[in-house]
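The following exercises are intended for a reader who is new to this structure. Each task is followed by a solution in steps.

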Amino acid sequence: MSDRPADRPPPILAALAIEKRFGPTPVLKQADLSIARGEIHALLGGNGAGKSTLIRIVSGSIRRDGGSIRVDGAERFDPAAIAVVFQELALFPHLTVAENIDLPHRKRAFGLVRHDRRAREAAAALAMIDEDLAREALDRPAAELDLHQRQLVEIARALSSGARLLLLDEPTANLTFAEAERLFRILRRLAARGIATLIVSHRMHEIRAVADVCTVLRDGRTVIDRQPLRDLRDEAIVEAMGQGQGRAPRQAGPPPAQTTAAGATIDLQAGDLALRLAPGSVLGLAGAPSGPADLIDGLIGVRPSLAWRIMIDGRPMRFATPAHAIRGGVGYVSGDRAEKGLLATLPILDNVVAAARVAGRRWFTAAREAAAAEDALDRLSIKAPSIDALPQTLSGGTQQKLLLARWLERAPRLLVLEEPTRGVDIGTKQEIYAVIRRAAAAGTVVVWWSTEFSELAQICDRVVAFDLAGRPSGLLAGSGITDVAMARATGMAA
Ligand SMILES: Nc1ncnc2c1ncn2[C@@H]1O[C@H](COP(=O)(O)OP(=O)(O)OP(=O)(O)O)[C@@H](O)[C@H]1O
């Protein structure tokens, strides 16, 4: 049946002709995914292409409607062989790291609990990943670890349960530059021991840095099936995703319809560092969250900044609440879409027009709101069944685009962006950059925090770097804004 040479082992995973529909909507249409032992495999595709759905099927968390899955050539396999490494909420915070690693064994245990042996096994699993972490963290509650460390503990748990394929869905979205590098080194080390990884990422430079081969999904179908990345140029991949030149994004759209007097000058001062943001400036913020978050909170009216004095048009900027800030011409795209961004119980329409309503103190739906929302969805290529659907039915990256869509029709005086491209696909990132450039051209001052240094380097005039303690540690400008300079100034160099 197979044309595989007899001496080559079967792939660790062969998922063939996978089909899935949600209600009447087909989401996976004969998708194939095949992963060899010990390879790092990138699963690529635009927002809503079906990547997360395929991962959920392969890991057994949802059922497929069609197709077959084999692990090591067998249809019956130990589900623990394939493990999803979640980013958050997968560890019990009050249990120690060792107990968390040990948890999956408990449900299988019979007879005496061999406590010391278990502890040794947990230590060995974590040491395989990071010896320092194994030495100092095993007896600490998981709650004390940072996100990156928790992710490593989860990998250790998967390995100690017998996983031979790790599934990582956008694992670097909340990591610093150095943490992402460290994760990749670990994945490569595991690959050398025969552990395969499937990684989903929209960051092409990361994919190139870590993965060997890729599979590309487009509209639920496999359009590139397990090709070595070195044989594929970026353009070919983007084209296969359906995001090449032919897609003609509506970048050069009309100027924003409801122009809030753009053209403010903002002065920022922290200690010796003073900078003036003239209308149309794009200021990047780089570094661990605490520094950028303090400045951002001050700018959007959440609470006065501890470190920064903020003036707008020569007067101290003090908004009592975020609603006041919106009315004062401040736009904000939160990086935490679940907590601070999306109105989860309200339809897409309300999410898109939320800013306009707060600014105009309107709370009812007008026909032109629906038209504006449709237009915003169209402009950011947002794939949604209708403007009446709830945001939860959208893919992760699509939800992110929804937050930005609010500001497409307005030209705020100041637009504050927190990781607006997190989880957003390559084609749409370019559209978002175009939106930022267009807002700046209309006189909006843009302040933009991103952990993806290469995008700050592409677009910003200046970048303030923050060190790991949250203090401003450098100001970069023009050609001085490089990945390396930012990594160094933020203390995130690998
Ligand atoms: N529970 C659900 N009900 C209805 N539709 C769903 C559900 N889950 C996913 N979908 C739809 O399935 C499609 C594929 O979503 P999926 O999350 O797999 O995409 P993705 O490729 O992972 O996207 P992203 O890159 O944005 O994370 C999307 O159009 C999404 O709206």
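**Exercise 1. Residue A17**

Task: Determine in which element A17 lies, what sign its phi has, and whether A17 is buried, partly exposed or exposed.

Solution. The model is a predicted one. A17 belongs to strand β1, which covers residues 13-22. Its phi is positive, about 50°, although A17 is not a glycine. The relative accessible area of A17 is 23%. Buried residues have under 20% and exposed ones over 50%, so A17 is partly exposed.

**Exercise 2. Residue D313**

Task: Locate D313, state its phi, and classify its accessibility.

Solution. D313 is in the loop that joins β13 (309-312) and β14 (315-316). Phi of D313 is positive, near 50°, and the residue is something other than glycine. With a relative accessible area of 41%, D313 is partly exposed.

**Exercise 3. Helix α1**

Task: Establish how many residues of helix α1 are buried, and identify the residue with positive phi that follows α1.

Solution. Helix α1 spans residues 51-58, and six of its eight residues are buried. These are K51, T53, L54, I55, I57 and V58. The helix is therefore largely enclosed by the rest of the structure. After α1 comes G60, with a positive phi near 85°.

**Exercise 4. Helices α5 and α6**

Task: Describe how α5 and α6 are arranged, and list the residues through which they meet.

Solution. Two packed helices are described by the angle between their axes and the distance between the axes. Helix α5 comprises residues 147-160 and helix α6 residues 177-192; their axes come within 11 Å and cross at roughly 15°. Because angles under 35 degrees count as roughly parallel, α5 is roughly parallel to α6. The crossing of α5 past α6 is right-handed. On the α5 side, H148, Q151, L152, I155 and L159 take part in the contact, and on the α6 side E179, R182, L183, I186, L187 and L190. Sorted by class, this contact of α5 with α6 holds seven nonpolar, two polar and two charged residues.

**Exercise 5. Cysteines**

Task: State how many disulfides are counted, and classify C214 and C460 as buried or exposed.

Solution. A disulfide is a covalent bond between the sulfur atoms of two cysteines. With a cut-off of 2.5 Å between cysteine sulfur atoms, the count is zero disulfides. C214 has a relative accessible area of 0% and is buried. C460, at 8% relative accessibility, also counts as buried.

Notes
Residues numbered from 1 in each chain as written. Predicted model: local features only at pLDDT ≥ 70, side-chain atom pairs only at ≥ 80, totals over all residues. Heavy atoms only, no water. Axes fitted to C-alpha atoms, helices over the stretch in contact; angles between N-to-C directions. Helix = DSSP H or I, 4+ residues; strand = E, 2+ residues; numbered from the N terminus. Parallel < 35°, antiparallel > 145°, perpendicular 65-115°, else oblique. Left-handed = near helix turned anticlockwise from the far one by under 90°. Contact = heavy atoms within 4.5 Å. Nonpolar A, V, L, I, M, F, W, Y, C, P; charged D, E, K, R; others polar. Buried < 20%, exposed > 50% of the residue type's maximum accessible area, 1.4 Å probe, protein only.
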